[in-house]
Amino acid sequence: MSQPGRLHLLTDTRPGTRPLAVLRAALAVPVPPAVGLVVQVRVEDAWTDRDAYGLVAAALPLCRAAGAACLVNDRLDVALAAGADGGHVGAEDLPVDAARRVLGAGVLGATCRSAAAARDHAAAGADYLGVGPAFATGTKEGLPAAIGPAGVAAVAAAVPGTPVIAIGGVTPDRVAELCAAGAYGVAAVSAVTAAADPAAAVAAFYAAFAAVGAGASR
Ligand SMILES: Cc1ncc(COP(=O)(O)OP(=O)(O)O)c(N)n1
Ligand SMILES: Cc1ncsc1CCOP(=O)(O)O
Ligand SMILES: [Mg+2]
């Protein structure tokens with residue numbers, strides 16, 4: 001597959017959030033072709049498939065118009081049904097090889113935090129790896145300790161052909177150190193969705209990638 005975008009923006013659907021309004025604001029910022037944007041529709045476990053499908057169906061045309069890819073977290077049936085570009089799976093979701101069978105040629109991301117798991121996921125068909133938590137985060141409960149840039153580096157070094165997307169507590173000012181550690185890109189929730197100005201936050205991420213330059217080729 002072609003390289004995924006370097007900025008992955010995950011929706012926040014917790015009570016009190018306005019995921020579509022945030023997406024509209026974020027997608028109004030022109031996507032630098034050298035960076036690329038992936039929107040990952042990630043909904044609360046309590047959301048029904050019907051509601052998840054509704055959010056993906058609403059997000060897709062916005063993503064298409066902005067030139068962003070649209071992936072669905074966890075629910076690959078929803079991804080396929082809505083015509084999204086692919087999906088992302090973690091330890092409690094379908095195994096990577098099974099997810100690959102479901103998605104066919106669609107974009108597949110997989111979560112890991114160790115070199116061994118990274119090699120396994122890459123061999124099983126993951127197109128990119130979501131690696132973290134890189135830093136402490138309050139967005140997801142029950143996560144293990146942050147692995148830091150050194151942990152990201154250990155994973156990235158194990159899979160030189162597979163893009164690593166660092167996730168967890170990522171802000172624009174942390175892009176440079178994560179890319180220096182071997183990350184191809186970053187994923188963010190709160191840095192954008194909780195920002196007073198989500199468009200400005202997205203623009204700050206793009207600027208951070210521009211400052212880093214082409215970065216890792218993977
Ligand atoms: C890019 C990216 N990386 C990691 C994750 C986390 O996936 P998972 O471990 O399955 O946890 P949930 O997001 O499902 O709560 C991700 N979604 N995206
Ligand atoms: C879903 C997930 N998996 C590891 S960290 C995380 C949440 C990241 O959210 P934030 O960007 O707000 O720290
Ligand atoms: Mg998951």
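How many nonpolar, polar and charged residues does the shell around ligand 2 have? I'll start there and work outwards. The shell has four nonpolar, five polar and two charged residues. Before going further, note that this is a predicted model.

Let me name the residues around ligand 2. They are R42, T137, T139, K140 and L143, then I167, G168 and G169, and finally A188, V189 and S190.

Some of these residues make polar contacts with oxygen atoms of the ligand. A polar side-chain atom of S190 lies 2.5 Å from an oxygen atom of ligand 2. For G169 the partner is in the backbone: a polar backbone atom lies 2.7 Å from an oxygen atom of ligand 2. V189 also uses its backbone, with an N or O atom 2.9 Å from an oxygen atom of the ligand. As for cover, ligand 2 exposes 370 Å² when taken alone, and the protein buries 92% of that.

Now to ligand 1. Which residues are the closest to this ligand? Of the 13 that surround ligand 1, the closest are Q40, R42, N73, T111 and K140. You may recognise R42 and K140, which are also among the residues around ligand 2. By class, the shell around ligand 1 divides into three nonpolar, six polar and four charged residues.

Here the polar contacts I have are from side chains. A polar side-chain atom of K140 lies 2.8 Å from an oxygen atom of ligand 1. Q40 places a polar side-chain atom 2.9 Å from a nitrogen atom of ligand 1. H88 has a side-chain N or O atom 3.5 Å from a nitrogen atom of ligand 1. On its own, ligand 1 has 430 Å² of accessible area, and the protein covers 88% of it.

Where do the two ligands sit? Ligand 1 takes up space in the largest pocket, and the space taken by ligand 2 is the largest pocket as well.

So, the pocket itself. The volume of the largest pocket is about 1,100 Å³. Its lining has 46 residues, and those closest to the centre are R42, N73, T111, K140 and L143. Several elements give two or more residues to this lining: strand 1, strand 4 (86–89), strand 5 (107–112), strand 6 (128–131), strand 7 (164–167), strand 8 (185–188) and helix 8 (190–193). The largest share, three residues, comes from strand 6. By class, the lining has 17 nonpolar, 18 polar and eleven charged residues.

Next, enclosed space. Rolling a probe the size of a water molecule over the atoms shows where empty space is left. In this model the count comes to one cavity of 30 Å³ or more. The space in the largest cavity is about 30 Å³.

Which residues line the largest cavity? They are L9, L10, T11, D12, P19, V22, L23 and T193. Strand 1 (7–10) and helix 1 (19–27) are the elements that give two or more residues to that lining. Helix 1 provides the largest share, three residues. The cavity lining divides into five nonpolar, two polar and one charged residue. Strand 1 also appeared in the list for the largest pocket.

Two backbone details remain, both in loops. One is at P133, in the loop between strand 6 and helix 6 (148–158). The peptide bond from G132 to P133 is cis, with omega near 5°.

The other is at D74, in the loop between strand 3 (69–73) and helix 3 (76–82). D74 is not a glycine, yet it has a positive phi of about 70°.

To recap, ligand 1 and ligand 2 both occupy space of the largest pocket. The protein covers 88% of the accessible area of ligand 1 and buries 92% of that of ligand 2. Apart from the pocket, there is one cavity of 30 Å³ or more, with strand 1 and helix 1 each giving two or more residues to its lining. For the backbone, look at the cis bond from G132 to P133 and at the positive phi of D74.

How values were computed:
Residues are numbered from 1 along each chain as its sequence is written. Chains are lettered from A and ligands numbered from 1 in the order in which they are written. This is a predicted model: local features need pLDDT of at least 70, side-chain atom pairs count only at pLDDT 80 or more; totals for chains, interfaces and linings use all residues. Side-chain values use heavy atoms; hydrogens and water are left out. On a 1 Å grid over the protein atoms alone, a cavity is a set of points where a 1.4 Å probe fits but cannot get out, and a pocket is an open set with protein on both sides within 12 Å along at least five of seven lines; lining residues have an atom within 4 Å of a point. Grid points are joined across faces, edges and corners, and a volume is the space filled by probe spheres set on the points. Helices (H or I, at least four residues) and strands (E, at least two) are DSSP runs, numbered from the N terminus. Ala, Val, Leu, Ile, Met, Phe, Trp, Tyr, Cys and Pro count as nonpolar, Asp, Glu, Lys and Arg as charged, and the others, Gly among them, as polar. A residue is near a molecule or strand if one of its heavy atoms lies within 4 Å of it. A polar contact is a pair of N or O atoms within 3.5 Å; within protein, one must be able to donate a hydrogen and the other to accept it, and residues adjacent in sequence count only if both atoms are side-chain atoms. Accessible areas come from the Shrake-Rupley method with a 1.4 Å probe; for residues, only the protein chains shown count as cover. A molecule sits in a cavity or pocket if more than half of its atoms lie within 2 Å of its grid points.
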